[in-house]
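Please examine the model below before reading on. The paragraphs that follow lead through it one region at a time.

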Number of protein chains: 2
Amino acid sequence: MIIKVFIVDDHYMVIEGIHSLLQNEKSIEWSGHATNAVSCLAFLQQQQPDVILMDINLPDKSGIDLCKQVKEKYPSIFIIGLSTFNQLSFIQKMMDSGASGYVLKNASQTELMEAIETVAKGKIYFSDEASKTLQKNEATHIILTRREKEVLELIAEGMTNNVIGQKLFISTATVDTHRKNLLAKLNAKNTASLVRMATQLQLI
Amino acid sequence: MIIKVFIVDDHYMVIEGIHSLLQNEKSIEWSGHATNAVSCLAFLQQQQPDVILMDINLPDKSGIDLCKQVKEKYPSIFIIGLSTFNQLSFIQKMMDSGASGYVLKNASQTELMEAIETVAKGKIYFSDEASKTLQKNEATHIILTRREKEVLELIAEGMTNNVIGQKLFISTATVDTHRKNLLAKLNAKNTASLVRMATQLQLI
DNA sequence: GTTGCACTCCCCTTTTTACATGATTTATCA
DNA sequence: TGATAAATCATGTAAAAAGGGGAGTGCAAC
């Protein structure tokens, strides 16, 4: 079985690199490449590959959004998230958007082949480092409610409880309660460390 | 004149990609590659290339430090910073460490060749995007003093003016003054937006 | 030799947070 | 249906930060 592989990445070096890594593989057919979301979608109207390697960071739209869009229109295409970053939030969002796997850009040829062959069968694949990140953060994962996220966002933008209350049509006292819960959940002493923690945990 | 090019990057895809982009260039000799700082330094003890393409993010040590080290030992080697990020702080630090140029990983083959040939002559090269960033941020560049940076760091860690004062052996009033100046310099309304801005501007 | 800047310190007032404690309503899920 | 969690609001005190002002020292550059 020949697997048709397409790649979306705005870095020529990476496209060239993957092309080079895969060119001697008999089971792989190089379907083409795109450097942005628009030309990727245009290509898919003409023909559909089996597997798309998709960068998270694209110039015109995030790989997350593109992934969602592609899976809606072409559910039979399997998508592998591709990124420099081994960050929980990216991996989670990509998988939530319908991706079948996640591979870091420092992947070896072997790892890349494994990923492509695994997802082409309809299975899920994570590179070693990505799965480690998933496991590690599952324990320390902090779950914020919808409202808490909203409040956190506005706090980080420099709004006071009063202003946030007006913005969300709730009383200042309520905002204060959410704030207290945020401090407790993120184990922060005050606003400064709250914002610090939140950025480090990629919550904002 | 044949230019010997070496590359240090922890992403196989990028190494492969650059290799592929340069393999048909007659003026380029592929000197080799390393995926970390240690093996790069080991290689340089054996032989020295003319130009090194150096990633900013390496597993064992930052490209910035490696750049400084290499230039100290081998001043005749020209180094081009290589990164996904078009961020002022990275570019500046890399140039401060003795690099001769800075190229983003989405560079085209033409751009890459231009960069290598320019720095091999001892000149400075910036990719289009990098030089735009330099110009753009030169105007909006925020300069913090040594003390302000220290205070900012401690604020972000959640310390109060009082505690910071004890830590730095200065009075609470002084810390408060620094804090006021930080708010003014970063155009922040309060601690929350101060920490937010500081992280966005890569100051902490 | 004075101008500028970083760093230091102090006063005062108002606003905002932090902390404690308790309580109601609504929605969801087992 | 009863339990659970989220979201809402309140009251009160203490601590911290924001915002305004002024002011002295030392150092380096012009």
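**Pocket, DNA surfaces and cysteines**

The lining of the largest pocket is made up of six nonpolar, 12 polar and three charged residues. This is a predicted model, and the values below are computed from it. The space within the largest pocket comes to about 780 Å³. Its lining counts 21 residues, and those closest to the centre are A:Phe85, A:Gln87, A:Gln202, B:Gln87 and B:Gln202. Three helices each give two or more residues to this lining: H4 (88–96) of chain A, H10 (191–200) of chain A and H10 (191–200) of chain B.

We turn next to DNA strand D. This strand is surrounded by 17 residues, of which the closest are A:Thr145, A:Arg147, A:Ser171, B:Lys180 and B:Thr191. Of the atoms of DNA strand D that come within 4 Å of the protein, 66% belong to sugar and phosphate. Several contacts illustrate how the phosphates are approached. The side chain of A:Thr145 places an N or O atom 2.3 Å from a phosphate oxygen of DNA strand D, and a polar side-chain atom of A:Arg146 is 3.4 Å from a phosphate oxygen of that strand. In A:Ser171, by contrast, a backbone N or O atom lies 2.6 Å from a phosphate oxygen of DNA strand D.

Which helix supplies the largest share of the surface near DNA strand D? That share, four residues, comes from H9 of chain A. At least two residues each are supplied by H7 (146–156) and H9 (172–185) of chain A, and by H9 (172–185) of chain B. By class, this surface has three nonpolar, nine polar and five charged residues.

DNA strand C can be described along similar lines. Around DNA strand C there are 18 residues, and the closest are A:Thr191, B:Thr145, B:Arg147, B:Ser171 and B:Thr174. Sugar and phosphate make up 71% of the atoms of DNA strand C that come within 4 Å of the protein. An N or O atom in the side chain of B:Thr174 is 2.8 Å from a phosphate oxygen of DNA strand C, and one in the side chain of B:His178 is 3.0 Å from a phosphate oxygen of the strand. The side chain of B:Thr177 instead has an N or O atom 3.0 Å from a base nitrogen of DNA strand C. The surface near DNA strand C divides into four nonpolar, nine polar and five charged residues.

Finally, the cysteines may be considered. The structure holds zero disulfides over all chains. A:Cys67 is buried, because its relative accessible area is 0%, and B:Cys67 is likewise buried, with a relative accessible area of 0%.

Terms used. Residues numbered from 1 in each chain as written. Chains lettered and ligands numbered in written order. Predicted model: local features only at pLDDT ≥ 70, side-chain atom pairs only at ≥ 80, totals over all residues. Heavy atoms only, no water. Near = heavy atom within 4 Å. Polar contact = N/O pair within 3.5 Å; in protein donor to acceptor, adjacent residues only side chain to side chain. Nonpolar A, V, L, I, M, F, W, Y, C, P; charged D, E, K, R; others polar. 1 Å grid on protein atoms, 1.4 Å probe; cavity = no way out; pocket = protein on both sides within 12 Å on 5 of 7 lines; lining within 4 Å. Points joined across faces, edges and corners; volume = space filled by probe spheres on them. Disulfide = S-S within 2.5 Å. Buried < 20%, exposed > 50% of the residue type's maximum accessible area, 1.4 Å probe, protein only.
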